[in-house]
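Thank you all for coming. I would like to spend a few minutes on how parts of this structure meet, so please have it open in front of you while I talk.

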Amino acid sequence: MSETGGLVGRSLLRREDRRLLTGAGQFIADLELPRMLHVAFVRSQLAHARIRSVDLSRAAAAPGVALALSGADLLRLLPPVPDTQLSLPSKWRSFVQHEFRNPQQPLLAHDKVRHVGEAVAVIVAEDRYRAEDGAALATVELETLPAVVDAEAALAANASIIHDELETNLLGAFSVAKGNAGFALEQAPHRLQRRFYHHRYAAMPIECRGVAALYDPRTDSVTIWSATQVVHWVRREAAAILGLPEARVRCLALDVGGGFGVKGHVYPEDLLIPFLARRLGRPVRWLEDRHEHLLCSAHSRDQLHEVEIGFDNDGRILALKDEYIVDCGAWNPIGAGVPYNTAAHLCGPYKIDHLTASCRTAATNKVPNSAYRGAGRPEAVFAMERIIDLVAAKLGLEPAEVRLRNMIRADEMPYRAGIPYRDGEPIVYDSGDYPGALQQALQAIGGVDAFRRRQGEARQRGRYLGLGIGFYVEGTGVGPFEGATVRIDPSGKVYIATGACPQGQGMETIFAQIVADAWKVSPDDVVVSLADTAAIPMGFGTVASRSTVTASAAIHRASERVREKAFTIAANVLECAPADLELRDGGVGVVGVPGAAVSLARLAQHARPGWDHARPSGVNAGLEETHYWEPPTVTWSYAAHAVIVDVDVETGHVAIDKYVIAHDCGVVVNPLLVEGQIAGGTAQGIGGILLEEIAYDADGQLLTGSLADYLVPTADDIPEMRMLHQHSPSPLNPLGVKGVGEGGAVAPPAAIANAICDALSPFGVEFNTTPITPERIRQAVRLNQPH
Amino acid sequence: MKPAKFDYHCPATVDEAIAALGRYQGEARVLAGGQSLVPMMNFRLATPAAIIDLNRIPGLDKIELTDGTLRIGAMARQRRLEFAPAVAEKLPLLGEALGWVGHLPTRTRGTIGGSIAHADPAAEIPMVLQALSGEVVVRGTQGERRIAAPDLFVAPLTTALEPDEILTEVRFPVIPPGAGYAIEEFARRKGDFAIAAIAVMLVREGERCATAHLATAGIGPVSVRLSEAENILKQRGLGEDAVAAAAQRAAELVEPMADHNASADFRRHLTGVLTRRAVLKARDRQNVRTG
Amino acid sequence: MSAPVDIRLTVNGQPREGRCEPRKLLVDFIREDLGLTGTHAGCEHGVCGACTIFYNGEAARSCIMFAVQADGAELLTVEGLAESDGKLHPMQQAFHEHHALQCGFCTPGMLIAALDYLKINPTPTEDEIREAISAVLCRCTGYINIIKAVKAGAEVMRAAKS
């Protein structure tokens with residue numbers, strides 16, 4: 001296939017933009033279906049309770065209400081939800097000691113409610129206003145149970161049990177190790193122990209969730225539109241619940257207004273809405289509102305780490321032990337995916353010969369904890385990057401210097417890290433220059449020495465500046481697979497379909513660039529179909545920074561086969577050998593003979609079955625291939641974030657003075673879009689450490705139930721960012737690309753926490769829990785006078 | 001999040017509005033800018049039986065200067081006031097405060113009367129009313145009366161208005177020409193409600209501080225004047241020590257709230273910090289203006 | 001008195017009318033009764049700004065207004081920004097050229113809020129732009145490209161005027 005050249009690597013403007021800029025996008029809320037009904041839910045006001053009764057009689061009789069169903073009603077009408085959680089491959093399971101318990105969430109709670117906001121009944125009405133009116137008339141009798149709102153407390157002996165049948169709140173545990181960390185720690189000249197807490201926050205896309213469904217009695221089939229990142233997974237579970245073959249269930253996503261992981265798994269509503277549509281014989285749609293989104297979609301992070309590090313006088317890390325607890329919330333839709341990401345990313349770019357990482361996942365009476373941009377990596381990076389700064393402080397060394405002493409060097413690539421990734425494959429950092437990236441970032445921010453001078457002068461004037469580093473490596477492009485269909489359309493355009501599900505990444509543009517390069521056509525002559533189970537039978541979806549990597553590889557392989565076939569047919573038509581041919585100008589031609597060519601449109605015609613085709617014998621009809629790319633394993637992106645902060649010690653306010661990112665995601669398909677991903681992710685990371693917080697009180701009541709309380713950063717809160725790029729191609733896929741979607745959000749909490757601690761080092765304060773709010777800074781400063 | 005049903009009335013005069021309010025005996029709400037009321041209704045935290053829409057009553061948004069008092073109709077939009085020459089000239093403290101009130105699109109609809117009647121403890125406009133010793137004119141079934149700022153704000157989200165009364169006008173004594181003024185606000189993000197804010201207006205005569213007005217927002221259950229801190233400035237002047245002493249007294253005087261956003265201790269601490277900063281800013285601003 | 005009311009207004013230069021309950025929010029009326037789905041509801045409590053439209057020439061959050069308040073008003077929504085032949089408004093063009101949108105959900109509100117600010121200040125500094133667009137939340141872009149786009153769009157608009 002062609003090497004990258006031409007369009008790959010160029011900052012093409014996006015073909016998605018026009019419709020989105022002119023108000024012609026189609027999001028789930030914009031879908032119009034004739035006679036569509038609308039849904040509201042009756043939700044629990046308590047965090048943990050037995051459901052004594054649900055009386056929907058007044059609700060069902062309310063004006064405009066078509067149907068009111070409780071959890072108990074649904075038990076009689078539907079089979080139990082199948083357990084199709086993202087399971088870990090058997091290879092992983094044979095390497096990693098683990099136990100898991102996976103209670104399946106019913107579509108409506110029937111025996112107990114396990115978090116505030118959990119749905120106990122559904123109201124379907126002519127419009128959302130009247131559905132909410134109906135919901136307000138429901139009477140729910142709940143018998144309060146003690147709420148569990150702390151993960152450690154959940155695992156204590158006398159804790160109130162959330163899933164009675166499990167007799168424990170421990171939903172999962174695993175342990176992974178290399179070397180002998182216990183022994184190495186004992187032998188280490190120095191040891192440090194710390195507790196790190198990375199708090200609960202969330203993806204908070206500007207578009208909430210939404211599901212619509214339409215039942216067609218003629219074909220006994222269902223169409224589901226969902227603002228989701230995983231159409232094939234939704235389709236699979238919906239087909240199971242509805243008792244239909246997958247061929248009779250279609251799931252597609254329209255324009256999706258941001259996902260960042262929170263739209264990356266199957267929710268009860270994804271299954272309940274199609275059921276209601278079929279039952280009622282009318283289309284049904286539910287649009288989640290913002291309050292519901294905070295109350296009952298998914299949150300993330302919320303990990304408590306006990307870390308112990310052993311090191312020598314030069315700051316070389318000898319051993320690392322991390323025992324951590326994940327506050328999983330009431331259900332566990334993602335299983336061990338996020339918690340294991342933490343373990344897999346703990347060592348980061350550093351050579352650590354002895355490691356033990358053990359995790360326990362605890363159920364609590366909060367919203368489920370699932371993937372959000374970074375998905376377990378920010379928590380690992382926070383622990384590691386904070387403790388390495390503490391090692392530096394202990395030894396009186398620069399944090400950058402300690403990092404450089406421990407980093408894997410470019411000439412040591414590929415580097416075996418010694419534990420498996422969550423795909424079960426041994427972690428091998430494939431390519432990259434970690435020290436180079438760190439040095440680049442520090443140079444771009446002005447250099448450490450110059451900063452120390454500036455910092456010293458500022459302190460004389462009572463101003464507190466700090467420099468912080470956050471470095472991460474990120475496994476991207478994870479399997480198990482992604483698929484692509486490539487077909488030469490009779491028009492001569494190249495059609496591709498893939499299971500990737502965009503939510504703003506610009507995939508229509510990116511894939512058009514890749515295909516245009518591969519086929520030597522204009523990107524305008526590439527037709528892209530995404531997020532539709534009708535377009536390709538199997539797909540995985542867009543999570544975990546994987547779609548450019550995996551879809552491009554699938555497109556590449558499928559294209560290879562189609563090209564081979566096209567050349568065979570063209571050779572037949574042009575009376576030459578396939579080896580004499582090349583792709584050019586939207587067709588296939590003989591190398592060096594400008595006139596001898598046949599267009600892709602003609603080739604499509606020649607490939608048709610039936611009379612007067614031009615296929616050599618033995619070549620079957622059509623110019624189409626579907627390929628499922630199964631990546632050998634993940635490929636490793638990385639970045640150094642360096643930040644200078646200015647801390648107002650009187651008010652605790654943190655201003656970001658400079659922010660630099662030195663980033664490597666291998667071959668870059670579209671630099672403009674890559675920078676957009678980095679900027680967006682970094683902004684979310686900044687929000688995560690300084691502003692955003694999901695807070696529950698002791699009774700499990702959500703304190704942050706609106707955007708007035710949950711503080712998403714505004715433009716005022718985000719600094720300019722300087723971005724520098726390295727390009728270490730990936731050896732693991734045909735294009736050499738690595739994933740970029742999540743990285744930006746991984747490093748900022750660590751980098752900014754380190755910067756704040758550096759700024760306040762005269763006060764001797766440490767910030768090992770997040771968020772770092774002005775009040776916490778002020779408290780720390782007050783308790784520790786400068787020395 | 002859709003609001004519950006309500007009866008909708010759109011009176012053409014204030015008297016009609018009062019009569020409509022009276023008919024619902026406390027179960028109706030007036031609609032001014034809606035920037036605070038409608039979100040509460042969408043959450044169904046407020047479910048009034050009726051809405052009395054004031055937006056079509058003519059003449060409720062005048063700006064008039066009468067004998068050293070700027071009289072502003074209750075329905076005057078915050079946005080219009082932000083750019084009104086009369087406000088810039090006579091009430092620059094209000095102009096400055098408006099820059100902190102939400103964002104430009106909320107100021108398009110938000111009104112001065114609505115903000116005052118809503119009496120959010122963290123709102124900036126009530127703080128300016130306190131700082132400048134303003135008053136409001138209200139009208140109800142018993143007729144018209146005036147309520148001075150200290151008597152107006154009773155408790156969080158509660159004013160001294162009777163259920164049948166509508167706020168029709170806001171009156172501010174104009175700021176003396178050449179006075180210094182400043183606002184220092186601490187919020188998590190610009191445009192958010194204040195966690196703590198201090199508004200200052202002061203007049204110097206030579207080394208003396210002849211007039212000092214200090215008012216709060218966000219700190220206690222209502223906006224208050226910090227009289228004892230003002231007295232310190234009037235007795236001791238505007239030097240560093242006097243300002244520091246006034247700031248400390250201010251921190252002692254307040255009765256700070258504790259909530260999810262900040263503890264009482266932090267609010268108390270911020271009171272001192274912001275008072276000092278605001279007074280210094282106001283003092284230096286006057287220096288610049290009067291030379 | 002909670003019976004449906006008639007609403008007559010001008011939207012994107014065209015006379016329009018509808019009929020709805022007084023409690024119907026303006027954003028829902030625009031989207032459903034007028035069929036203009038470009039204006040989005042992101043929070044329904046007046047914080048995110050995705051629902052921002054021009055109301056009598058000034059930006060306002062349509063999720064915290066009732067449709068009935070728009071009787072007799074002139075509205076401009078995102079659908080009214082481009083010219084009738086489809087040529088993009090300079091600000092839309094600038095957003096496109098500077099990759100100032102990703103998922104596009106906040107974009108209509110962002111465009112209106114930016115254009116509103118430019119009416120007051122046609123020559124904004126970067127800091128002024130940053131403050132003006134902090135009226136609308138974006139979760140995708142990190143705002144950096146939006147600021148560049150507004151600066152560039154403002155320059156084109158100024159040049160067109162002179």
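Before I give any counts, let me say what I mean by a contact: two residues are in contact if their C-beta atoms, placed from the backbone, lie within 7 Å. Please also keep in mind throughout that this is a predicted model.

I will begin inside chain C, where the domain assignment gives domain 1, covering 5-80, and domain 2, covering 90-161. Taken over C-alpha atoms, the centres of domain 1 of chain C and domain 2 of chain C are separated by 21 Å. How many residues of each domain are in contact with the other? In domain 1 of chain C there are 14 such residues, and they are in contact with 11 residues of domain 2 of chain C.

If we look at the side of domain 1 of chain C that touches domain 2 of chain C, β3 (52-55) and β4 (58-61) of chain C each supply at least two residues, and β3(C) gives the most, with 3 residues. By class, the residues on that side of domain 1 of chain C divide into 7 nonpolar, 6 polar and 1 charged.

Let me now turn to the contact between chains, which takes 43 residues from chain C and 42 residues from chain A. On the side of chain C that touches chain A, at least two residues each are supplied by α2 (90-97), α3 (107-120), α4 (126-133) and α5 (144-161) of chain C. Which of these elements contributes the largest share? That is α2(C), with 4 residues. Finally, the side of chain C that touches chain A has 21 nonpolar, 15 polar and 7 charged residues.

How values were computed: Residues are numbered from 1 along each chain as its sequence is written. Chains are lettered from A and ligands numbered from 1 in the order in which they are written. This is a predicted model: local features need pLDDT of at least 70, side-chain atom pairs count only at pLDDT 80 or more; totals for chains, interfaces and linings use all residues. Domain bounds come from an automatic or database domain assignment. Ala, Val, Leu, Ile, Met, Phe, Trp, Tyr, Cys and Pro count as nonpolar, Asp, Glu, Lys and Arg as charged, and the others, Gly among them, as polar.
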